[in-house]
Every structure is written in C-alpha cells, then in structure tokens.
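Let's look at this structure together and ask how each label is earned.

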Amino acid sequence: MSIDPLHPATRAAHAGLAVDPETRAVVPPIHLATTFERAPDGSYPAGYQYSRSANPNRATLEAALADLEGGDLDDEIACVAFPSGMAAIFAVLQTLAPGDHVVAPRDAYYNVALLLRDHFARWGVAVSFADMTAPHEVASAMTPATKLVWIETPSNPLLDITDIEKVATVAHGGGALVACDNTWATPLLQRPLALGADLVVHATTKYLAGHSDVTGGAVVVRGQTDTVERLQTVQRVAGVVPAPLDCWLVARGLRTLAVRMRAHVENALALAHFLDVHPSVERVHYPGLPNDPGHATAAKQMDDFGGMLSFVVRGGEAKARAVANGLQLFTQATSLGGPESLVEHRASVEGPASLAPPGLLRVSVGLEHPDDLIADLSRVLDP
C-alpha cells in the first residue's frame with residue numbers, strides 16, 4: 001500500500017535522510033572536499049567535479065527544499081541554494097535584463113527595496129512599488145516591460161497578507177513571473193508554487209535552519225528551465241555557494257521544522273491575543289487575529305498563521321524603546337526563527353525610508369512557555 005502523498009511534516013522529518021552505504025550511518029556525512037577524482041576516461045562517475053559547481057550536501061539540501069515546496073506538483077521543481085537570503089534575492093534579480101520592470105510590495109524587507117532602487121536601477125531595471133493586498137493596484141503598476149512581480153507574505157514588518165493566487169493571475173496575464181518570499185511562513189504553513197507562484201525564495205537562516213547558527217538562502221522554481229539555468233549560472237560562475245557544513249545544518253533543521261513551527265504559532269497566537277486587548281498597545285499586526293485585515297486571505301492560503309508579529313506601543317518611539325529595553329526574556333536583535341524570542345524597533349533599523357510606525361516593535365516569538373513571555377510583556381506594558 002502506498003502512503004504517498006506524504007504530509008509536509010513527514011517530508012520535512014525525512015529531508016535529506018539516506019543511510020550512508022559505506023558506514024550505515026543514519027545521519028548523512030559532511031563532505032568538505034573541494035575537488036573530486038576523475039575516472040581514467042576523464043569523467044566524474046559520482047557526478048561531482050568541484051565544490052563550487054556541486055557538492056553532495058548542497059545537492060541533498062536542494063532536493064529536500066524542492067520536495068517541501070513542490071513535491072505534490074506535476075511540474076518539474078528545482079532548487080538553487082545560496083549562502084544567504086539576500087544572495088538568493090540578488091540572484092533572482094540578476095536573471096533580469098536592462099529595460100525590464102519589476103513590481104514590488106510597498107511593505108517588504110527593506111533591503112529588497114534598497115536593492116531595486118539603488119542597485120538594479122543603475123543597471124537599467126525599473127521598479128514600481130504597489131500595495132500587494134490590492135490586486136488591482138498590482139495590475140495598475142504593471143507595464144509591457146514587467147517581467148517580475150515580487151510578493152512577500154506575510155510582509156515585513158507589518159504582516160500584510162497578499163492573495164498569492166489573485167496576484168499570480170494578474171502577473172501572468174501581463175506576461176510576468178511571480179516570485180514569493182516564503183521565509184516567514186515556511187513550506188509547512190504556505191506553499192506559493194501551488195497557488196500560482198513561479199519562484200519561491202527563502203532565507204534558510206531563519207525557520208528552516210531554526211537555531212540562529214547558520215546563514216543561508218534558496219530559490220525554488222516551478223518549471224521555467226531558463227530561469228533555473230540562469231540561477232545556477234550565477235551560483236556556479238559567481239561562486240555564490242553555501243558551504244557544505246551550512247547546507248548540512250539547514251538540512252538538520254528541516255527535520256524538526258514541523259514541531260518547531262507548531263510551537264512558534266501557538267506562542268505567537270497567545271501573545272497576539274494578550275497584546276490585542278492591552279490598553280498600552282495601539283495595534284497588533286498578526287493574521288491569526290480575526291480582526292486583522294489579512295485574516296480571511298491568510299486562512300484561505302495558509303495552514304497556520306506563523307510565529308512573527310508586530311505591535312504598536314502607545315506613546316511612540318520613546319515608549320516602544322522603553323518596552324524593548326525593559327524586557328528580560330526577549331533579546332533585542334535582528335533576525336527571526338530561532339528558539340529564542342527576539343524584539344526589535346524596526347523604524348530605527350530601517351532608517352528614514354521605513355514604513356514602520358515609530359512605536360512599532362517586531363517580535364519573533366520563540367519556543368519559551370507562552371505564560372512566561374506574556375508575564376514579561378505584562379510587566380513592562382502595564383501602566
């Protein structure tokens with residue numbers, strides 16, 4: 001009896017696992033070799049020539065991520081791994097040509113806007129920023145030169161929710177590809193390829209690795225052979241490759257992803273409900289709350305609502321900073337997706353162009369007991 005198709009949690013738990021044929025080790029070895037022996041006829045029987053071109057640990061990770069994002073789809077799914085999330089984003093944008101146009105979200109990771117406005121504009125790639133929660137605005141922003149529509153959902157830091165299916169329909173109608181940053185949701189909670197996206201981008205640094213101890217990125221592509229080849233060329237020729245140990249660590253993180261995400265989501269929802277009724281909080285951004293503007297769309301396209309939230313403290317920047325400074329269980333630090341809860345004042349991180357309100361704090365909800373996290377927040381928020 002076949003047990004396919006497997007649930008995403010099962011796929012994640014078995015990601016990259018294959019018994020080593022020589023040692024019978026259950027956990028795969030780390031291959032640090034930079035070069036591989038040729039056969040007498042000059043061929044490479046194992047398929048590996050030089051670690052910049054291909055490495056067994058990278059191949060294992062890429063296969064695992066391709067399976068997690070698109071294992072149930074009929075189309076060919078390919079993954080290309082990179083040494084950071086920004087390297088993955090940069091590689092996607094490098095597949096464009098001078099004269100091409102990109103539609104990007106107004107609320108998104110600020111370095112994406114920085115790349116498009118300050119770097120790729122110099123190379124003749126134009127950009128328009130639109131409200132991705134309104135598909136008609138995306139349609140209005142498109143031009144005959146639009147080749148890529150960039151989605152980030154939930155968005156950073158306002159947790160706006162984009163209807164991937166509707167925006168993909170708009171983009172494809174204009175001849176553009178759709179790339180979706182799925183870092184915050186992970187393949188366990190949201191699978192953009194099944195909703196019409198052509199590319200999915202991850203900062204594997206975050207939830208996929210899950211322990212705040214490795215940096216990485218990846219692009220998963222549905223079909224689009226030319227795009228895959230361009231990404232692989234950037235990876236190989238420019239040498240934008242993750243180290244074998246880094247690939248091994250991310251693959252290790254995938255095996256506990258399902259149980260970690262359940263805890264992240266449960267804790268985030270508990271904190272969101274607490275903050276939503278607190279008199280010192282002006283607004284909570286979390287799609288798991290029924291009163292959140294993106295709740296209905298998130299409920300339709302996500303299996304759950306994620307471990308990230310942000311909230312606006314009454315009293316502006318000074319009060320928000322005082323709250324962040326007073327917390328004991330939340331570390332003030334950039335990044336997200338690790339076991340520890342993190343808090344950050346985003347406007348000061350992003351600078352003058354930030355869309356984050358002065359009183360907004362972004363929270364990566366960790367794996368601590370939610371009652372302890374709520375007690376810590378209550379202590380500094382209570383009048």
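**Asking how we know**

This is a predicted model, and the count in it comes to 0 disulfides.

Q: Why is C79 not counted as part of a disulfide?
A: A disulfide needs two cysteine sulfur atoms within 2.5 Å. The closest cysteine sulfur to that of C79 is in C247, 9.5 Å away, so the pair is too far apart for a bond.

Q: How do you know that C180 is in no disulfide?
A: For C180, the nearest cysteine sulfur is that of C79, and it lies 15 Å away. The cut-off is 2.5 Å, so no disulfide is assigned to C180.

Q: What makes C79 and C180 count as buried?
A: Buried means under 20% relative accessible area. C79 has 7% and C180 has 0%, so both fit the label.

Q: Why is L17 called partly exposed?
A: Its relative accessible area is 33%. Partly exposed lies between the buried limit of 20% and the exposed limit of 50%, so L17 belongs there. You can find L17 in the loop between α1 (8-13) and α2. Along with V19, V26 and V27, L17 forms a nonpolar patch on the surface, with about 310 Å² of accessible area together.

Q: What makes α2 mostly covered?
A: In this helix, 11 of its 15 residues are buried, including L61, L65 and L68.

Q: How do you know that the side chain of N55 makes a polar contact at the start of α2?
A: A side-chain oxygen of N55 comes to within 2.8 Å of the backbone nitrogen of N57. The limit for a polar contact is 3.5 Å, so this pair qualifies.

Conventions
Residues are numbered from 1 along each chain as its sequence is written. This is a predicted model: local features need pLDDT of at least 70, side-chain atom pairs count only at pLDDT 80 or more; totals for chains, interfaces and linings use all residues. Side-chain values use heavy atoms; hydrogens and water are left out. Buried means under 20% relative accessible area, exposed over 50%, partly exposed in between (1.4 Å probe, protein chains only). Helices (H or I, at least four residues) and strands (E, at least two) are DSSP runs, numbered from the N terminus. A polar contact is a pair of N or O atoms within 3.5 Å; within protein, one must be able to donate a hydrogen and the other to accept it, and residues adjacent in sequence count only if both atoms are side-chain atoms. Patches are made of residues with over 30% relative accessible area and no salt bridge: like charges are joined within 9 Å, nonpolar side chains (Val, Leu, Ile, Met, Phe, Trp, Tyr) within 5 Å. Accessible areas come from the Shrake-Rupley method with a 1.4 Å probe; for residues, only the protein chains shown count as cover. A salt bridge is a side-chain nitrogen of Lys or Arg within 4 Å of a carboxyl oxygen of Asp or Glu.
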